[in-house]
Amino acid sequence: MALAGVRVIELAGLAPAPFCGMILADFGARVIRVDRTKVAMTVDTQARGKQSVALNLKNPKGVAVLKRLCVQSDVVLEPYRKGVMEKMGLGPEDLLKENPRLIYARLTGYGQSGSYAKGAGHDINYLAMSGLLSMLGRSSEKPYAPLNLVADFAGGGLMCAFGIVLALLERSRSGQGQIIDASMVEGAAYVGSFMWKSRSLGLWNRPRGENLLDSGAPFYDTYRTSDGKYMAVGAIEPQFYQQLIQGLGLYDADLPAQMSVSDWPELRQTFTRVFASKTQEQWSRVFDGTDACVTPVLSLDEVLSHPHNQARGSFFKDSQGEISPRPAPVLSRSPAEPCHSRDPFIGEHTRSVLKEYGFKQAQIEQLLSAGIAECNEAKARL
Ligand SMILES: C[C@H](CCC[C@H](C)C(=O)SCCNC(=O)CCNC(=O)[C@H](O)C(C)(C)COP(=O)(O)OP(=O)(O)OC[C@H]1O[C@@H](n2cnc3c(N)ncnc32)[C@H](O)[C@@H]1OP(=O)(O)O)[C@H]1CC[C@H]2[C@@H]3[C@H](O)C[C@@H]4C[C@H](O)CC[C@]4(C)[C@H]3C[C@H](O)[C@]12C
């Protein structure tokens, strides 16, 4: 796999850093998540392929263990508020001094500088600060965050993984590590570069929800079918729009022009009425194999059995029967091989990892009996 041999220490976080670690693990990195001790259950649902070491970082000896893990690794990924790592003596200066090849990835909401740097926040706040949230939502309605996809995952976890891969690539030339300041505000904004750079085309001149691609246009929207499901329509170009009209059994001559914005409400009413006359399956049969750009809106459970996804193996079931997307993109020679077994229990690998990182058996037992480290191998065997 592409990242085979790369060792990552991931400090347990909420959602973006776990996703970043999972991407790295899927593509072959060895990812060791450092969890808190005395925690019954992990909230990391993005733990595929990771190992877990439980350490009490409120104890200086726990911090020393973590330091030893970091200086023998390629990447450390930290998801804390600005200043937390420095307070523990694990700031980039300290760690890079001991391991100049270390890639020190800091995944935060607002970045390491600026007046918001130390503030708490979540996806919706970062999305708001990126400017993008102001553009999301239906006409005459308030801004609407599309789950926590844009800032946490696209602008956060994924961008941070991209930064880590870039830094690894650069290190192969320079031999040096570096610090990655991954701000979710900036990551989200960067993912949304198109919104700024396409303003010159007039794409966003109208209020929120009344433009071509923000559900303003009737040919770029979703429609309810007679069985209560939905179809997605993205027939922008005239030649594809023609196929949409044809599939719906409508006649161009009876309809206003596609790009007549003032007629969009009337056109939407027509499409709504027609789509409500057949089931999702019936509409899929009409549009499959055409270029009308019309697809069923599938649920998370339905994706696995759709023939197209099935043919590509786009989703898979792990050993627990849980459906997940296959890691993307697909590399021809060294594709990702996602782990199919269950996620680690907190501290499941404490003993084995510490041993591997050069701790003597007696040292490990001391750390465990003092509660500085915790091992849950037994739970894993049950
Ligand atoms: C699924 C839910 C997650 C939703 C994601 C949400 C929408 C997001 O947007 S995530 C993005 C959040 N932002 C960031 O990550 C930006 C960077 N980080 C931060 O800004 C901050 O970390 C923070 C604001 C996120 C949190 O601040 P906080 O003050 O708590 O922490 P920090 O200042 O960073 O300091 C960390 C301190 O911790 C100490 N530490 C760290 N490691 C250790 C260790 N190993 N040992 C000891 N101490 C350690 C460190 O030293 C710092 O200490 P100091 O403060 O003293 O310096 C899920 C969100 C909530 C979940 C639910 C909830 O947990 C309740 C249930 C729990 C149950 O188990 C499962 C069900 C739950 C309902 C659970 C369900 C889901 O998982 C959630 C809903």
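How much space lies in the largest pocket? About 1300 Å³ of space lies in the largest pocket of this predicted model. The second largest pocket has a volume of about 1100 Å³. The points below cover the two pockets, a three-stranded open sheet with the helices that pack on it, and two single residues, A128 and H349.

**Largest pocket**

- The lining of the largest pocket is made up of 44 residues.
- M22, T45, Q46, E322 and S324 are the lining residues that lie nearest the centre of the largest pocket.
- Helices α1 (16-26) and α6 (149-174) each give two or more residues to this lining, and so do strands β10 (315-317) and β11 (323-325).
- By class, 25 residues of the lining of the largest pocket are nonpolar, eight are polar and 11 are charged.

**Second largest pocket**

- For the second largest pocket, with its volume of about 1100 Å³, the lining consists of 41 residues.
- Closest to the centre of the second largest pocket are A12, G13, R36, P79 and Y80.
- Two or more lining residues come from each of α1, β2 (30-35), α3 (84-87), β5 (103-108) and α5 (123-130).
- Strand β2 gives the largest share of the lining of the second largest pocket, with three residues.
- The lining of the second largest pocket divides by class into 22 nonpolar, 10 polar and nine charged residues.
- Helix α1 appears among the contributing elements of the largest pocket and also among those of the second largest pocket.

**Three-stranded sheet**

- Three strands form an open sheet in the order β7-β8-β9, and their pairing is antiparallel.
- Strands β7 (220-224) and β9 (294-296) are the edge strands, each pairing on one side only.
- On average, neighbouring strands of this sheet are turned by 25 degrees against each other, direction ignored.
- Strands of a sheet pair through backbone hydrogen bonds, either parallel or antiparallel.
- Between β7 and β8 (residues 230-234), which run antiparallel, there are five bridges.
- R224 has Y230 in β8 as its bridge partner, and Y223 stands opposite M231 in β8.
- A hairpin is formed by β7 and β8, with five residues between the two strands.
- In the turn of this hairpin, G228 has a positive phi of about 80 degrees.

**Helices on the sheet**

- Helix α10 (residues 264-275) packs on the sheet and touches β7, β8 and β9.
- The direction of α10 makes about 40 degrees with that of β7.
- Helix α11 (residues 280-287) lies across β8 and β9.
- Against β8, helix α11 runs at about 30 degrees.

**A128**

- A128 is placed in helix α5, one of the elements that give two or more residues to the lining of the second largest pocket.
- A128 counts as partly exposed because its relative accessibility is 42%, between the limits of 20% and 50%.
- In sequence, A128 and P143 are 15 residues apart, and in space their C-alpha atoms are 9.1 Å apart.

**H349**

- H349 lies in the loop between β11 and α13 (350-356).
- With a relative accessibility of 15%, under the 20% limit, H349 counts as buried.
- Neighbours within four places in sequence left aside, H349 is in contact with K50, Q51, S52, V53 and P344.
- Strand β11, at one end of the loop that holds H349, is among the elements that give two or more residues to the lining of the largest pocket.

Technical notes:
Residues are numbered from 1 along each chain as its sequence is written. This is a predicted model: local features need pLDDT of at least 70, side-chain atom pairs count only at pLDDT 80 or more; totals for chains, interfaces and linings use all residues. Side-chain values use heavy atoms; hydrogens and water are left out. On a 1 Å grid over the protein atoms alone, a cavity is a set of points where a 1.4 Å probe fits but cannot get out, and a pocket is an open set with protein on both sides within 12 Å along at least five of seven lines; lining residues have an atom within 4 Å of a point. Grid points are joined across faces, edges and corners, and a volume is the space filled by probe spheres set on the points. Helices (H or I, at least four residues) and strands (E, at least two) are DSSP runs, numbered from the N terminus. Ala, Val, Leu, Ile, Met, Phe, Trp, Tyr, Cys and Pro count as nonpolar, Asp, Glu, Lys and Arg as charged, and the others, Gly among them, as polar. Buried means under 20% relative accessible area, exposed over 50%, partly exposed in between (1.4 Å probe, protein chains only). Two strands pair if DSSP finds at least two bridges between them. Axes are lines fitted to C-alpha atoms, for helices over the stretch in contact, and angles run from 0 to 180 degrees between N-to-C directions. Contact means heavy atoms within 4.5 Å.
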